[in-house]
Amino acid sequence: MLTSASSLAPVASTFRDTVATWLRDFQQRLCAQLEAADGQATFQSDEWQHGSGGGGLSRVIQHGAVLEKGGVNFSAVWGEMSEQAAKVLLMPNPNYFATGVSVVQHPRSPMVPIAHMNVRYFEAGNGEAWFGGGIDLTPIYVDEQQARWFHEQLRAVCNAHNPAYYARFKQWADDYFFLPHRQETRGVGGIFFDRLTVGKDGSREELFAFIQAVGNVFGPTYTELLRQNRDLPFGERQVQWHMLRRARYAEFNLAFDRGTRFGLETGGRTESILMSLPPRCEWHYDQRPAPGSPEAATQQWLRKGVEWLAENPSTL
């Protein structure tokens, strides 16, 4: 059993230790990839303890050449949540163990997309165990070819493990990363999956291998998008649109994101939980893109059901 954020056993004694050890190593590898892509800033580390057991390591990058703010957070925590919290979070038992890595990157330029990735493992006190995770992309300006390429990378990962995964998890992402009060998706989607239950949806080894693959594809995919877009020119109009789209991102994370809710409901560390919020964003009354503008074109893509891998997704 893990006893603190810094005491991951060098030789895993249980399956949960095996998962947590891999996640901790993955955090370090991904941070190195993002630092190399940014070329200027480095991640600061902040280790913390959870009140009921375990803890985590928050790693945050700020004021970079490309990344204005980003986080790659690891946690391995356990305890007993309140009856109300267990009901809200659909937990079969109030006792839990949870470990995962959560990633959000907010670039400085409006021409570089925001990205999110999460992989996680849960155990409930009744013995039920499951994996979850996902990757999604939030371009400030949608580039159709880049969105297609992004989805191609995710489909390849899914197909290597289960040919049914991509279509299922792509639809799940469309439904999950959606702002119902705005009637718009957060971005161009990706994949999302929750409660892939050990036994029901596969062996623990099969499901663990899948979340490892999901985690590993994020670094090379996102750093390639950073490379392609980091030097594109922009002006004040693009900055204003960037602030609006960041505000939409904040609305989703505060009102609908399950990870945010889980962390707050279980007494997690607030600074780490709210790492996902952008450093700057703006709300202006009834702000709408001008008809026929690049901003209006992006707005048209923010809908469920876009088949990015179709020959012409814009006609669907």
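Axes are lines fitted to C-alpha atoms, for helices over the stretch in contact, and angles run from 0 to 180 degrees between N-to-C directions. Helices (H or I, at least four residues) and strands (E, at least two) are DSSP runs, numbered from the N terminus. The model is predicted, so that local features need pLDDT of at least 70 and side-chain atom pairs count only at pLDDT 80 or more, while totals for chains, interfaces and linings use all residues. Residues are numbered from 1 along each chain as its sequence is written, and side-chain values use heavy atoms, with hydrogens and water left out.

**Exercise 1.** Describe how helix α1 and helix α5 pack.

*Solution.* Begin with the geometry: α1 (residues 15-38) and α5 (residues 204-229) pack at an angle of about 10 degrees, and their axes lie 10 Å apart. The two helices are therefore roughly parallel, a term for angles under 35 degrees. Next come the contacts (heavy atoms within 4.5 Å), where the residues of α1 include Trp22 and Phe26, and those of α5 include Phe208 and Tyr222. Finally, by class, this contact has 13 nonpolar, seven polar and two charged residues; here Ala, Val, Leu, Ile, Met, Phe, Trp, Tyr, Cys and Pro count as nonpolar, Asp, Glu, Lys and Arg as charged, and the others, Gly among them, as polar.

**Exercise 2.** Work out the order of the strands in the open sheet, and which strands form its edges.

*Solution.* Seven strands follow one another in the order β1-β2-β3-β4-β5-β6-β9, with antiparallel pairing, where two strands pair if DSSP finds at least two bridges between them. The edge strands are β1 (44-49) and β9, each of which pairs on one side only. From one strand to the next, the twist averages 5 degrees. At the β1 edge, six bridges join β1 to β2 (residues 54-62), and Gln49 has Gly55 as its bridge partner.

**Exercise 3.** Place strand β6 among its neighbours, and decide whether its residues are buried or exposed.

*Solution.* On one side, 10 bridges join β6 to β5 (residues 114-124), with Arg120 partnered by Gly132. In the hairpin of these two strands, which has four residues between them, Gly127 takes a positive phi near 95 degrees. With β9 (residues 189-197), β6 pairs over seven bridges, and Trp130 has Thr197 as its bridge partner. As for burial (under 20% relative accessible area, with exposed over 50% and partly exposed in between, 1.4 Å probe, protein chains only), 10 of the 10 residues of β6 (residues 129-138) are buried, so the strand is largely enclosed by the rest of the structure.

How values were computed: Angles under 35 degrees count as roughly parallel, over 145 as roughly antiparallel, 65 to 115 as roughly perpendicular and the rest as oblique.
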